[in-house]
Amino acid sequence: MPERPYVIDEMISAKAIAARLEELCREITAEFRDTDKLVVVGLLRGSFVFIADLVRELDLPIEVDFLEASSYGDSTESSREVRILKDLRGAIEGRDVLVVEDIVDTGYTLRHVLGLLRSRKPARMKSIALLDKPSRREVDIRADWIGFEIPDEFVVGYGIDFAQRNRNLPYIGKVRFTP
Ligand code: IMP
């Protein structure tokens with residue numbers, strides 16, 4: 001539970017997210033049109049709402065799997081060391097893979113996960129992030145598709161948490177600490 005009081009200011013509405021998702025899914029469907037071997041890999045826990053909406057917009061035969069990497073814990077600061085807390089259930093060798101991330105911030109998590117999955121020799125691997133904070137980047141990595149670029153703000157909602165709270169907001173909001 002967060003220790004300091006805060007309020008949430010809406011930044012991206014549920015309607016704007018849905019409209020952007022429709023655009024992105026048209027592109028993703030075109031990219032993977034030729035395959036029946038696509039595994040959509042959600043990074044837990046932050047991407048669970050995003051992946052649920054995303055797969056329902058994909059007009060493709062897919063499988064869904066999940067991977068959990070360590071994140072911020074209860075703070076708003078990123079840790080540079082990434083650990084895998086829960087691995088995929090299925091093998092991805094020779095499969096097409098779409099990795100679904102909630103936010104790319106410093107970039108350490110996405111770099112680590114893509115490196116790990118690449119070592120398992122998928123046929124093709126692409127990534128999508130709902131949000132990107134390019135000004136925070138510490139390693140050279142970018143998702144193939146990005147929903148929205150946002151400034152250096154701590155955000156919550158649409159699956160994204162602050163100390164496990166606020167994942168159930170239907171929109172993306174920024175956290176503002178109150179005195
Ligand atoms: P990175 O390794 O620094 O790129 O961090 C990626 C992870 O940190 C994301 O998957 C989120 O779980 C978490 N994260 C980054 N920015 C935020 C934020 O603004 N709110 C909540 N979680 C965040």
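**Exercise 1. The aromatic cluster**

In this predicted model, Y6, F154, F162 and F177 form one aromatic cluster. Describe the geometry of the pair Y6 and F162 and of the pair F162 and F177, and state where in the chain the partners of each pair are found.

*Solution.*

Step 1. A pair of aromatic rings is described by the distance of the centres and the angle of the planes. The search of the whole structure returns 5 aromatic pairs. For Y6 and F162, the centre-to-centre distance is 5.1 Å and the planes are 65 degrees apart, an edge-to-face arrangement.

Step 2. This pair joins distant parts of the chain, since Y6 belongs to strand β1 (residues 6–12) whereas F162 sits in the loop between β8 (155–156) and β9 (172–177), the two being 156 residues apart.

Step 3. For F162 and F177, the ring centres are 5.9 Å apart and the planes stand at 80 degrees; because an angle over 60 degrees counts as edge-to-face, this pair is edge-to-face as well. Here too distant parts of the chain are linked, with F162 in the loop between β8 and β9 and F177 in strand β9, 15 residues apart.

**Exercise 2. Burial and a charge over a ring**

Decide whether F162 and F177 are buried, partly exposed or exposed, and find which residue lies over the face of F177.

*Solution.*

Step 1. The relative accessibility of F162 is 6%, so F162 counts as buried, the limit for that class being under 20%. Y6, its partner in the pair of Step 1 above, is also buried.

Step 2. F177 has a relative accessibility of 31% and therefore counts as partly exposed.

Step 3. The residue over the face of the F177 ring is R4, at 3.9 Å from the ring centre.

**Exercise 3. The ligand shell**

Characterise the surroundings of the ligand by composition, by secondary structure and by polar atom pairs.

*Solution.*

Step 1. The ligand is surrounded by 17 residues, of which D102, T106, G107, T109 and V155 are the closest. Sorted by class, the shell holds 7 nonpolar, 4 polar and 6 charged residues.

Step 2. Both β5 (96–104) and α3 (108–118) contribute at least two residues to the shell, and β5 provides its largest share, with 4 residues.

Step 3. Two pairs involve an oxygen atom of the ligand: a backbone N or O atom of D105 lies at 2.9 Å, and a polar side-chain atom of K133 lies at 2.8 Å. A nitrogen atom of the ligand is 2.7 Å from a backbone N or O atom of V155.

Step 4. Taken alone, the ligand has 490 Å² of accessible area, and the protein covers 95% of it.

Note on methods:
Residues numbered from 1 in each chain as written. Predicted model: local features only at pLDDT ≥ 70, side-chain atom pairs only at ≥ 80, totals over all residues. Heavy atoms only, no water. Near = heavy atom within 4 Å. Polar contact = N/O pair within 3.5 Å; in protein donor to acceptor, adjacent residues only side chain to side chain. Areas by Shrake-Rupley, 256 points an atom, 1.4 Å probe, with all protein chains shown as cover. Nonpolar A, V, L, I, M, F, W, Y, C, P; charged D, E, K, R; others polar. Phe/Tyr/Trp six-rings, centres within 6.5 Å; stacked < 30°, edge-to-face > 60°. Buried < 20%, exposed > 50% of the residue type's maximum accessible area, 1.4 Å probe, protein only. Lys NZ or Arg CZ within 6 Å of the ring centre and 35° of its normal.
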